[in-house]
Amino acid sequence: QVQLVESGGGLVQAGGSLRLSCATSERTSSKYAMGWFRQAPGKEREFLVGIMWSNDRTRYADSVKGRFTISRDNAKKTVYLQMNSLRPEDTAVYYCAADRDVSWPYYPLTGSHEYDSWGQGTQVTVSS
């Protein structure tokens, strides 16, 4: 049973933009957060950004702050990752994830082990 479905990856030139989407079929609550991670070949999975479903609190990794923006649409139960000013080093498989039980003070966590559900991943390739 697929809980998170991603879309929107592809090939883009350096300096370009892409928007990723992740639709959740899970039950959301005040303790529910969604995040985006990426994993490049030979590297560990890296946290990029997360958002709390109920209070919109966000947390960004320094590597993407100012270039990537997370947002969500309650009605569509979808989270988006807008990626601007893309660089070749952004090339990776991008994953969305969900943390169903975030504790007080209710900010998205950065560790991949904190997340319960994962999307299938979508490839983003940035050419120089």
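The legends below describe an overall view and several close-up views of this predicted model.

**Conventions.** Residues are numbered from 1 along each chain as its sequence is written, and the model is a predicted one in which local features need pLDDT of at least 70 and side-chain atom pairs count only at pLDDT 80 or more, whereas totals for chains, interfaces and linings use all residues. Side-chain values use heavy atoms, with hydrogens and water left out.

**Figure 1. The whole chain, with eleven strands and zero helices.** Strands (E, at least two residues) and helices (H or I, at least four residues) are DSSP runs, numbered from the N terminus, and the order along the sequence is β-β-β-β-β-β-β-β-β-β-β. The radius of gyration, taken over C-alpha atoms, is 14 Å, which agrees with the value near 14 Å for a compact globule of 128 residues; the globule rule is 2.2 Å times the number of residues to the power 0.38. Along the principal axes, the C-alpha atoms fill a box of roughly 40 × 30 × 25 Å. Buried residues make up 43% of the 128 residues, where buried means under 20% relative accessible area, exposed over 50% and partly exposed in between (1.4 Å probe, protein chains only). Of the contacts with a separation of 6 or more, 59% are between residues 24 or more positions apart, a contact being heavy atoms within 4.5 Å.

**Figure 2. Close-up of Arg72 and Asp56, whose side chains are joined by a polar contact of 2.7 Å.** A polar contact is a pair of N or O atoms within 3.5 Å; within protein, one must be able to donate a hydrogen and the other to accept it, and residues adjacent in sequence count only if both atoms are side-chain atoms. Arg72 is part of strand β7 (residues 68-73), while Asp56 sits in the loop between β5 (46-52) and β6 (58-60). Beyond residues up to four places away in sequence, Arg72 touches Ile51, Met52, Trp53, Ser54, Asp56, Thr78 and Val79. Asp56 is partly exposed, at 43% relative accessible area, and has a positive phi of about 65° although it is not a glycine.

**Figure 3. Close-up of the cis peptide bond between Trp104 and Pro105.** The omega angle of this bond is about 15°. Most residues other than glycine have a negative phi, and most peptide bonds are trans. Pro105 lies in the loop between β9 (92-99) and β10 (117-118), and Tyr106 is found in the loop between β9 and β10. Tyr106 has a positive phi, near 60°, and counts as partly exposed at 27% relative accessibility.

**Figure 4. Close-up of Tyr80 in strand β8 (residues 78-83).** Tyr80 is buried, with a relative accessible area of 11%. Leaving aside neighbours within four places in sequence, its contacts are with Arg19, Leu20, Ser21, Trp36, Thr69, Ile70, Ser71 and Asp73. Pro41 is 39 residues from Tyr80 along the chain, and the C-alpha atoms of the two are separated by 24 Å.

**Figure 5. Close-up of Ser117 in strand β10.** The side chain of Ser117 makes a polar contact of 2.4 Å with that of Glu26 and another of 2.6 Å with that of Arg100. Ser117 is buried, at 6% relative accessible area. Not counting neighbours within four places in sequence, Ser117 is in contact with Leu4, Glu26, Cys96, Ala97, Ala98 and Arg100.
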